Amino acid sequence: MTRKAQRRPTLAVVGATGAVGTVMLALLTERADVWGEIRLVASPRSAGRTLSVRGEQVEVLALSADVFDGVDVAMFDVPDEVSAHWAPIAAARGAVVVDNSGAFRMHPQVPLVVPEVNPEAAAQRPLGIIANPNCTTMSMIVVLGALHRAYGLQAIVAASYQAASGAGQGGIDTLRSQMEKVAGSRDLGTRSGDIRGVVGDVEPFPAPLALNVVPWAGSLRDDGWSSEELKIRNESRKILGLHTLRVSATCVRVPVVTAHSVAVHATFAAEVDQAGAQEVLRGAPGVVLYDEPAVGEFPTPADVVGTDPTWVGRVRRSIDDRHSLDLFVCGDNLRKGAALNTAQIAELVAKDWSR
């Protein structure tokens, strides 16, 4: 009997005290129990705290090389620079790292995995690292992966409606503070600059988010594109294995706490129709088709937040192109967009121990 067959794998959760790390711990309780020992890891300032995992109190350990000794799978949710340094160390100690940061997503030797779309990619990990996509890409890729299998995807035009939580806890705090400041005034939004004057500090956003939308997310890249927009392009290509896929995205921040939405215009090799596309999506894993606009049924962030699937509605064939569909997708950016997909990848790796 092999070592893997004798015990359940040991899991480390790195960044356990963060917003996504907290969701990861909740998922460990909610999902099937495939793990043996679970180690919680965070920065030295969080070391010594205890957190509940599967009904037990577990002490948080300070991030160091030694904490990865004996670890089989490590789920990372830490800043890019922290992952860039520590993920190779964890892999060198024998752990398979599932990384939620952007440090390795486009590395040619690191698979970028969405289990409903390309689970086979997780098996090819020469560096011992598997990457999790950006939460905005995740909001649409499960739906597009299902449609690609049926019709052959050729191009995407996307406009995102991204929640404040995509900018971390600071984004949530800023939105809530701004909402408190604008509450009760019926005149705000009627004169140029009046909202900015009331809310004051807008960080981490470039403009007020309350009573507003901000057509910018990420950092500036060449020719006026943002890093978030390029992530949608580059990551979609890699996940789907379509390296010449035409992608154009505009990323917009909206005054929603959690759950990203994306309006998508997708063009395919084959002709499409509304009923056929709806049938494909109705049977797709990880997708909820919610598409009865006549009775007000279509996904919104308020419906989707706190749920695992990607929700899709407003599915219709383009009036001017029999090869194109227009649709609207929503997904919880902290669950499927980060913690859940990371957990699903880790569970794929954990299956090695049951064979």
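What follows is a conversation about how some features of this predicted model get their names.

Reader: Why is valine 143 called buried?

Author: The label buried applies under 20% relative accessible area. Valine 143 has a relative accessible area of 0%, so it is buried. This residue lies in helix 4.

Reader: And what does valine 143 touch?

Author: Setting aside residues up to four places away in sequence, valine 143 touches Leu281, Val287, Thr310, Val312, Leu327 and Val329. Take Thr310 from that list: its C-alpha atom and that of valine 143 are separated by 7.3 Å, although the two residues are 167 apart along the chain.

Reader: Why are helix 4 and helix 8 called oblique to each other?

Author: Happy to walk you through that one. Helix 4 (residues 135-151) and helix 8 (residues 274-282) pack at an angle of about 120°. Roughly perpendicular covers 65 to 115 degrees, and roughly antiparallel needs over 145. An angle of about 120° fits neither range, and the two helices are therefore oblique to each other. Their axes are 9 Å apart, and the crossing is right-handed. On the helix 4 side, the contact is made by Val143, Ala146, Leu147, Ala150 and Tyr151; helix 8 supplies Gly276, Ala277, Val280 and Leu281.

Reader: At what angle does helix 4 pack with helix 7?

Author: Helix 4 and helix 7 (residues 227-240) pack at about 35°, with axes 10 Å apart. This crossing, too, is right-handed. Among the residues making the contact are Met140 and His148 of helix 4 and Ile232 and Leu240 of helix 7.

Reader: Which residues have the most contacts inside the largest nonpolar core?

Author: They are Phe68, Phe76, Met140, Leu147, Leu153 and Ile156, in a core of 59 residues. Helix 4 gives the largest share of this core, 9 residues. For leucine 153, the contacts beyond four places in sequence are Leu144, His148, Leu240, Leu242, Leu245, Ala266, Thr267 and Phe268. A second, separate core has 35 residues, including Leu28, Met75, Val96 and Leu334. In soluble globular proteins, nonpolar side chains tend to be buried together.

Reader: What makes strand 3 and strand 7 edge strands?

Author: Each of them pairs on one side only. The open sheet has 7 strands in the order 3-4-2-1-5-6-7, with mixed pairing, and strand 3 (50-53) and strand 7 (129-131) are its edge strands.

Reader: How do you know that strand 3 and strand 4 count as paired?

Author: Pairing asks for at least two bridges. Strand 3 and strand 4 (residues 56-62) have 4 bridges, in the antiparallel sense. That satisfies the cut-off. Within the pair, threonine 50 stands opposite glutamate 59.

Reader: Why does aspartate 223 count as exposed, and arginine 314 as partly exposed?

Author: Exposed means over 50% relative accessible area, buried means under 20%, and partly exposed is in between. At 76%, aspartate 223 therefore counts as exposed. Arginine 314 has 36%, so it counts as partly exposed. Aspartate 223 is found in the loop between helix 6 and helix 7, whereas arginine 314 lies in strand 12 (residues 310-317).

Reader: What is phi for each of these residues?

Author: Aspartate 223 has a positive phi of about 60°, although it is not a glycine. For arginine 314, also a residue other than glycine, phi is near 50°.

Reader: Which kind of peptide bond runs from glutamate 203 to proline 204?

Author: That bond is cis, with omega near 10°. Proline 204 lies in the loop between helix 6 (194-199) and helix 7.

Note on methods
Residues are numbered from 1 along each chain as its sequence is written. This is a predicted model: local features need pLDDT of at least 70, side-chain atom pairs count only at pLDDT 80 or more; totals for chains, interfaces and linings use all residues. Side-chain values use heavy atoms; hydrogens and water are left out. A nonpolar core is a set of buried Ala, Val, Leu, Ile, Met, Phe, Trp, Tyr and Cys residues joined through side-chain atoms within 4.5 Å. Buried means under 20% relative accessible area, exposed over 50%, partly exposed in between (1.4 Å probe, protein chains only). Contact means heavy atoms within 4.5 Å. Axes are lines fitted to C-alpha atoms, for helices over the stretch in contact, and angles run from 0 to 180 degrees between N-to-C directions. Angles under 35 degrees count as roughly parallel, over 145 as roughly antiparallel, 65 to 115 as roughly perpendicular and the rest as oblique. A crossing is left-handed if the near helix is turned anticlockwise from the far one by less than a right angle, and right-handed if clockwise.
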